[in-house]
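Visitor: I have just opened this structure and would like a close look at a single part. Please start from one pair of residues and work outwards.

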Amino acid sequence: MTILNIFAQDAFSVMRLTDALREIKYTPSRIGQMGLFQTTSIDTLDIAIEKDKEQNRMLVSASPRGGPGQTFDKSKRAMRLLKIPHFQVDDAIYADEVQQVRAFGQEVAVERLQAKIADRAAEASQFFALTEEYHRLNILKTGQLLDADGSVLFDYFTEFGENQQAEVDFDLDNANPGEGALRKKCAAVVRQMAGILDGLPYTGIMSFCGDAFFDDLIAHREVRETYKGYAEAANLRAAYINAGTSGIYGTFDFGGITWANYRGGQNVGIDSNKCHLYPIGVPGLFRTVYGPADYIETVNTPGQRLYAKQWEMQNGKGVNLEFQMNALHYCTRPRVLIPGKRT
């Protein structure tokens with residue numbers, strides 16, 4: 001028996017490796033923590049989304065009894081086919097890395113190798129977690145699914161035939177704002193969001209804010225006057241130290257909106273002077289679909305979030321490792337995404 005024969009054991013099958021990969025603890029993302037994106041597993045490589053484009057509502061005029069009535073246009077349906085993108089990380093473990101464990105016996109060798117593969121998988125899991133947060137955050141910011149280099153994989157405004165909302169200027173750098181000006185801005189956003197949703201249920205409005213935007217907002221005279229003298233003032237004092245929320249620096253409510261200072265890093269973040277508003281609690285608004293891996297073992301099976309596979313090198317000097325994710329993140333109504341700016 002050669003040292004690499006131990007890789008033929010069931011402990012290193014695709015499904016066992018994939019299970020181990022799923023169990024690895026990775027740094028949680030804010031959007032993932034929120035459960036904002038509803039996840040689904042499918043056994044195909046693309047999805048079809050059918051949208052019913054409703055006509056504008058109209059008033060019905062009175063008409064003579066027995067005569068012709070008013071007519072109206074029928075709703076138009078549109079179908080979009082979206083292909084699930086494939087993301088893959090390649091790695092390898094060479095014979096020199098495992099030769100010392102063989103002397104302890106096969107079972108120990110298997111344990112050591114599983115630990116080594118788990119270490120590599122932990123790194124890959126971090127990459128995929130960061131990638132998912134990058135994809136989801138950019139959808140909230142731009143309505144687009146962006147690749148790692150910033151190129152557009154899908155523009156959901158184009159895919160669904162919708163228009164992007166105009167950027168709201170909250171005028172936070174104004175040293176002498178008008179009385180109630182900021183609250184009026186917030187009220188306008190709340191009304192705008194309700195109008196965009198047009199009867200769809202939602203539970204609230206949230207905004208991810210950049211650092212400068214959040215700093216000026218929390219220091220704004222209206223915000224401080226609102227909280228002053230009330231028990232809720234503690235929320236404002238603690239807005240920068242929300243314990244246990246690694247994806248944000250702080251959060252508080254004002255004007256019917258929940259404002260969260262998004263904690264960025266590693267090419268994932270929000271412009272310091274910007275904010276991005278979106279509704280929460282809308283059924284099926286944000287979706288994530290996982291497709292199957294491109295392995296014989298996974299053909300026509302429901303997709304997992306992550307996959308792992310290994311196979312021996314042809315020259316016998318080690319094993320190749322592969323980790324992959326087949327995920328499509330999208331927003332079914334990108335028109336609800338409202339951008340804002342500090343000034």
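Are F170 and W259 buried or exposed?

Guide: Both F170 and W259 are buried. Buried here means under 20% relative accessible area, exposed means over 50%, and partly exposed lies in between (1.4 Å probe, protein chains only).

First, some ground rules. This is a predicted model: local features need pLDDT of at least 70, side-chain atom pairs count only at pLDDT 80 or more, and totals for chains, interfaces and linings use all residues. Residues are numbered from 1 along each chain as its sequence is written, and side-chain values use heavy atoms, with hydrogens and water left out.

Now the rings. A pair of aromatic rings is described by the distance of the centres and the angle of the planes. Rings of Phe, Tyr and Trp (its six-membered ring) pair if their centres lie within 6.5 Å; planes under 30 degrees apart count as stacked, over 60 as edge-to-face and the rest as tilted. By this rule there are 11 aromatic pairs. F170 and W259 make an edge-to-face pair, 5.6 Å centre to centre, with 85° between the planes. This pair links distant parts of the chain. F170 sits in the loop between β7 and α6, W259 in strand β10 (residues 257-262), and the two are 89 residues apart. As for the labels, helices (H or I, at least four residues) and strands (E, at least two) are DSSP runs, numbered from the N terminus.

A second edge-to-face pair joins F208 and Y278, at 5.5 Å centre to centre and 65° between the planes. It too links distant parts of the chain: F208 is in strand β8 (residues 204-209), Y278 is in strand β11, and they are 70 residues apart. F208 and Y278 are both buried. They also belong to one aromatic cluster with F37, Y262 and F286.

Next, the core around these rings. A nonpolar core is a set of buried Ala, Val, Leu, Ile, Met, Phe, Trp, Tyr and Cys residues joined through side-chain atoms within 4.5 Å. The largest one has 57 residues, and F170, F208 and W259 have the most contacts inside it. Helix α6 gives the largest share of this core, six residues. A second, separate core has 14 residues, including I93, Y290, L306 and F323.

Look at α6 itself. In this helix L182, C186, V189, M193, I196 and L197 are buried. Seen down the axis, the buried residues of α6 fall within an arc of 95°, so they line one face of the helix. The arc is that of the directions from the helix axis to the C-beta atoms. The background is simple. An α-helix has 3.6 residues a turn, so residues three or four places apart point the same way. On the other side of α6, K184, R191 and G195 are exposed.

Its length can be checked too. The expected span of a helix is 1.5 Å times one less than its number of residues. For the 17 residues of α6 (residues 181-197) that gives 24 Å; the end C-alpha atoms are 25 Å apart, which agrees. After α6 comes D198, whose phi is positive, near 50°.

Then turn to β8, the strand that holds F208. This strand is mostly covered, with six of its six residues buried. In a regular strand the side chains alternate between the two faces of the sheet. Both faces of β8 are covered: G204, M206 and F208 are buried on one side, and I205, S207 and C209 on the other.

What are its neighbours? Two strands pair if DSSP finds at least two bridges between them. β8 pairs with β11 in the antiparallel sense over six bridges. There, I205 has P279 of β11 as its bridge partner. β8 pairs with β10 in the parallel sense over four bridges. In β10, A260 stands opposite F208.

The pairing carries on. Strand β11 (residues 274-280) is antiparallel to β15, over four bridges. L277 stands opposite I338 in β15. Strand β15 (residues 338-341) also runs parallel to β7 (residues 168-169), joined by two bridges. V168 stands opposite G340 in β15. That leads back to F170, in the loop between β7 and α6.
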